[in-house]
Amino acid sequence: MRLIANIADWFDRRVQLGGPIRETLEHPVPRQAASWFYVFGSAALTVFVLQIVTGILLATVYVPAAGQAWDSLQVLNREVTLGWFIRALHGWGSNFMVAIVFIHMVQVFLFGAFKFPRELTWLAGVFLLLMTLGMAFSGQVLRFDQDAYWGLGIGAAVSSRIPLVGPWLVSFLLGGPIIAGATLSRFFALHVFVIPGILIAIVGLHVLLVLKLGINEWPRPGRPVSRETYLREYRELTRKEGEPFVPDAVWKDVVFSGFILLSIAACALYFGPIGPGGQPNPTIIQTVPRPDFFFLWLYAVLSLLPSSLETPAMLIGPAIAVLVLLALPFVSGEGEKSWRRRPMAVLIVMLGVVAFGTLTDVARDAPWSPVMDAWSGEPIPAKYLTKRTALERQGALVFQAKQCHNCHALDGKGGQRGPALDAVAVRLTHDQLIRQVIQGGGNMPAYGKNLNPAETNALVGFLETLHPAGQAPAQDASRRHTHETNAAPSSSTPR
Amino acid sequence: MNLPGGISRRGVFLKLAVFFNAVVGIILAVPIVRYIFSPMIRQRRPGYASWISLGSLNNFPAGETRLATYRNPVVNPWDGVTADIACWVRHVDADNFQVFAINCAHLWCPVRWFPQSSLFMCPCHGGVYYADGSRAAGPPERGLFQYSYKVEGDSLFIKAGEMPTPTLAANIKPGGPRCA
């Protein structure tokens, strides 16, 4: 032990950092701030270190060339000893990191920690969030599979809509005319050098600011922040109620970080590595591209926005969101910190969480996507075929053969792009059905050119049988009236 | 040593040194910026697109729409399968063709052709197009992107090499033999 102390002393006499490090570790924090709510920042940092370590390990095998990247991932998954586990740690680490960064941000927002004098800490945090999302997206690209390929396509398509510079931006983003080797190399450089470099620099600034300005005290309702008095009050608080960060406050951070690392390892062990999916071969078009979990909400937004709003929302929306986040500490830099006195803050968080949850949930089913193989893979339920005429069954055949099932569900099976048709006959009359089939409209293509009169007749015949038992099909009132008046004298039943 | 007017010899040298480094910085910055933006410079001049054969006309029976693939003309040895691009060829009649980009005009997912209903459908957000590539339903704001084509001898050629964008498409005349 004495030898170690001597060696440490030898070094410290030269680098002279022992004193400042000890001072930093023992800096006083308000007693109540040593809370389980204040552990997310350190956990994010821990996961970031895990990502760096596993990332370097993966880089020793991964080949960032479009022709070999996918194969090298297969080798990592199957041949390199525990390569699958390192990939799984990195993949699940990324999911955890995005989640923890978001939770950290929500906690900071609700506890008013962005207010004076910690505005710059918040700004650095906003950039850290953007960089984390940048890492998540570029990481998804490096998992160079079909989802990565078509995900890049979506990114390029969005960029191409920017007025004037669109096409140039696409070439710049892709590093060439198409998604290929240059694109992957670009994203490799971003994911491995550029963004981590920026991340490390901003993390340094972020942590430095936390140390210089002190950790946010536990917000108490009725004790608003004022620029004139805050610094003095905070000094007073740490003097009276302070305790050294190490060892009194840090143990909760250490326990939580360990718990998070263990959770990541458990997910990695149980669920295994994430992908890669199919080969990034653009000639394989039998694919249904989906983004990673954290971008599913965006996928839903892009699908659900009206066309006219789409381009402005895609181009201006993110800029507005970032500006709002950056402006927050300047607009609301003073006043109440406690969430108990900030109902709007609580509402905004709740709205955000509900919107994120709902959009993600919707995107998992993606009801706006046609089910591309429903026409051949989902049979028409038997109950819709029994006791039907030959013409009506012929119509059911047309329904399948013309891919109607890809967009319209029967008995819960098939696409949900259009309305389910189990009770369509109650909603639409014979004439309306014909018009809808032939002319389309309301998000349905017109089938006029693709159906001959016999097929249309059969299809509409089948659709007219789709109504719940005991509920009569819709009938045109004027036509019924004409039929009744025509029928009355002769008492025949024309149809 | 201070010169008259409070200017020191060292101060002058420092200013000169900073100026010297600024000049060096600019000299280095120009090639670095040109390097970074090289994909864009290349696009402007001489461009990426060139005429590529999609193979014999016999592969594309009249009245039908078939999937064709080609190797992108601008390619690096390490591009692998990503440089193989697919497109849809519709042989209308005689020498009349339409060659559609595989990418949906909405967000570039690959559209699939359903000959039974004569529709192109996109698996991502439900864009649907008619046989002639015009928009039928869903979020796309326009029809499918088309390539210029020409028939030479027994082969069908298209002018390709670049991801389709609305701006590029506006400059393409999807016309056929007349352009050849």
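**Entry 1: the disulfide.** I started with the cysteines of chain B and found Cys109(B) joined to Cys124(B) by a disulfide, S to S 1.9 Å. I keep in mind that this is a predicted model. My search of the whole structure, over all chains, turned up one disulfide. The link of Cys109(B) and Cys124(B) is left-handed, with -85 degrees about the S-S bond. I then looked up where the two partners sit: Cys109(B) is in the loop between strand S4 (96-101) and strand S5 (112-114) of chain B, while Cys124(B) is in the loop between strand S6 (119-121) and strand S7 (128-130). The pair is 15 residues apart and links distant parts of the chain.

**Entry 2: buried or exposed?** I checked Cys109(B) and found it buried, at 1% relative accessibility. Cys124(B) is buried too, again at 1%. Next I asked about Cys104(B), which is in no disulfide. The nearest cysteine sulfur belongs to Cys122(B), 3.9 Å away; a disulfide needs the sulfur atoms within 2.5 Å, so I do not count this pair. Cys104(B) is buried, with a relative accessible area of 1%. Over in chain A, I noted Cys267(A) as buried at 16%, because the cut-off is under 20%.

**Entry 3: chain B as a whole.** I counted three helices and 11 strands in chain B. Along the sequence, two helices lead, the strands follow, and a helix ends the pattern. Of the 180 residues in chain B, 44% are buried. For contacts with a separation of 6 or more, I found that 50% come from residues 24 or more positions apart. The accessible surface of chain B is about 9,100 Å², and carbon and sulfur atoms hold 60% of that.

How values were computed
Residues numbered from 1 in each chain as written. Chains lettered and ligands numbered in written order. Predicted model: local features only at pLDDT ≥ 70, side-chain atom pairs only at ≥ 80, totals over all residues. Heavy atoms only, no water. Helix = DSSP H or I, 4+ residues; strand = E, 2+ residues; numbered from the N terminus. Buried < 20%, exposed > 50% of the residue type's maximum accessible area, 1.4 Å probe, protein only. Contact = heavy atoms within 4.5 Å. Areas by Shrake-Rupley, 256 points an atom, 1.4 Å probe, with all protein chains shown as cover.
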